[in-house]
Amino acid sequence: MSDSEAPTRIPSIDGKQDKAERGVTTKVTPNMDNAQRQRPKQFSHSFWDPKIAHLRALYFKITAMSIVLLIIVVWACLPVYWGSLWKAPVLTRNLRAWVIDRDGQALGNAVAGAIMNTTTSGIKQTLGWQKLDASMFPTNDDVALGVVDERAWVAVVIAEGATAKLAAARANGDATYDPTSLISVYYSQARNEVASGIYLPLTQTLLIKTLFQFNAQSTAQYLAGIAGNQTAIQLLARAPQTISTPAYFTLFNLRPYTAQVATAVTLVGFIYVIILSFFVTMSGAGAREVIAPYLTTASLIKLRLIMPIILYFPLSLIYSMISLPFKLPFGAKYTYAGGFFLFWVLNYVGMLSLGLATEFALTLLTQRFVAFFLIPFIVINVSVSVLPHELQPWFYKYGYGFPVFNLGQAVRTIIFNTKNHLGRNFGVLIAWAVLSLITVPIIIYVTRQREIREEQAKTLPDEREEEIREEQRRIDFGAGTTAQLSPSEERRVEEAERQDRGEKPLVA
């Protein structure tokens, strides 16, 4: 081969130089030409274009798999919420209720007896009534304190000497007699406003029925006893309530649910807290894509933990401040400023406990599947917060250890002055945050090591891959030239050319 016939050798490892510049012709196979012609072009096809049939099939496959997975999640999780509600009407016996008879006479015996009969008569929907000795609670204030302390959901107290007061009012024509002072009903609505809508109607219905029977019998007996006694009849005219309604009851709502806007922060608002925390997690994941590949594992772990902890601070403040224009009663237990500050701290710790859990889920499930974690996370937390555990199957007692239940209980303490569980509430929330601070670095480390191994495998190809690359370089350099010869064949060709030119052979 002469010098004029020999091709100019230009390295083409990166494949970026123009082949025309090399002075060679690249071999183009028919298969390569067809593949280039059939490759879909962007912005150029209708949905049913046959040229993108393979892409359309892939689209349908991904959509179908997503719907199937979503159906599985829905069937697995939503029944948990439905199940938290459906047994409430038949579990009312789990609600502890007190009846205290300070009278010990006709009225007290009638009311206490009728109430206690419901526990043995086979009535399905009744409360768990207990008859307590009056000496256990010397005053009604003690009874009220016991209800606020959540030792009972409702308490019925028949006043001391109630029967005698009624008889004296009739005999003396006492116009100031108040039949509602004979029986007192104590309850705390803010403890759980949904539960109060269950146990309070049951209590009222029972008392109304019992007192209707007692009043009718008492009035009939008294009128029969004073028949023909004009003086007694005239005295009754001065106190007609002693005949029309001899005995009735008064409701004492010890912790009223006075602010309906509180629903936004005792239940629904915590769904928003979960969503806000999840948004911080996802936005952080998007922002990290530009820098995460270049960070060490230790730096990445610090970034994943420190940034959410900082971002939750202003986010929880903004969320807490939304309640200020709507006059949420932050001063019920503490000062108004102190109550708001504690509310803010509670929301911040709540975001830590909920948000860092989504950070763990993101690392474990990846961005592709983490959305499927949000549904069960919300359902499992909310299911235990609507009704008290007494009105739910035993399974739902797990709520004592979950964030939303403790957030709701703590908020009720702050804005309604219900029983103080703040120590336990903050303890559970902090425990969740600490657990995430431990598990998130572990899962990041494990996934990062896997990514490093995968990257190393890409940068260290095996011998077969190197041979394929070398062969491709030769093809790119030019078909039919020495670029397609093996190294030994090239050496023989070069020796032959040197001999043709009369040059001395190279010494091996």
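Asparagine 140 has a relative accessible area of 26% in this predicted model, and because this value lies between the 20% limit for buried residues and the 50% limit for exposed ones, the residue counts as partly exposed. Asparagine 140 belongs to helix H5, which spans residues 140–148. Beyond its neighbours within four places in sequence, asparagine 140 makes contact with Arg102, Val157, Ser184 and Tyr186. For one of these partners, valine 157, the C-alpha atom is separated from that of asparagine 140 by 7.8 Å, with the two residues 17 apart along the chain.

The interior may be considered next. In soluble globular proteins, nonpolar side chains tend to be buried together. Here the largest nonpolar core holds 82 residues, of which Leu107, Trp129, Tyr199 and Ile415 touch the most other members. Helix H12, covering residues 336–369, supplies the largest share of this core, with 13 residues. A second core, separate from the largest one, has 13 residues, including Trp98, Leu132, Ala155 and Leu254. Isoleucine 415 touches Ala262, Val265, Thr266, Leu328, Pro329, Phe330 and Ala332, when residues up to four places away in sequence are not counted.

Nonpolar side chains also appear on the surface. Ile430, Val434, Ile438, Ile442, Tyr445 and Val446 form a nonpolar patch there, together presenting about 550 Å² of accessible area. Of these, valine 434 is located in helix H15, residues 422–459, and is classed as partly exposed because its relative accessibility is 40%.

Confidence in the prediction varies along the chain. The protein has a mean pLDDT of 87, and 86% of its residues reach 70 or more. Over residues 1–28, however, pLDDT stays under 50, and the model has 32 contacts beyond four places in sequence for this segment.

Notes
Residues numbered from 1 in each chain as written. Predicted model: local features only at pLDDT ≥ 70, side-chain atom pairs only at ≥ 80, totals over all residues. Heavy atoms only, no water. Patch = residues over 30% accessible without salt bridge, like charges linked within 9 Å, V, L, I, M, F, W, Y side chains within 5 Å. Areas by Shrake-Rupley, 256 points an atom, 1.4 Å probe, with all protein chains shown as cover. Salt bridge = Lys/Arg side-chain N within 4 Å of Asp/Glu carboxyl O. Helix = DSSP H or I, 4+ residues; strand = E, 2+ residues; numbered from the N terminus. Buried < 20%, exposed > 50% of the residue type's maximum accessible area, 1.4 Å probe, protein only. Core = buried A, V, L, I, M, F, W, Y, C linked by side-chain atoms within 4.5 Å. Contact = heavy atoms within 4.5 Å. pLDDT = per-residue confidence, 0-100.
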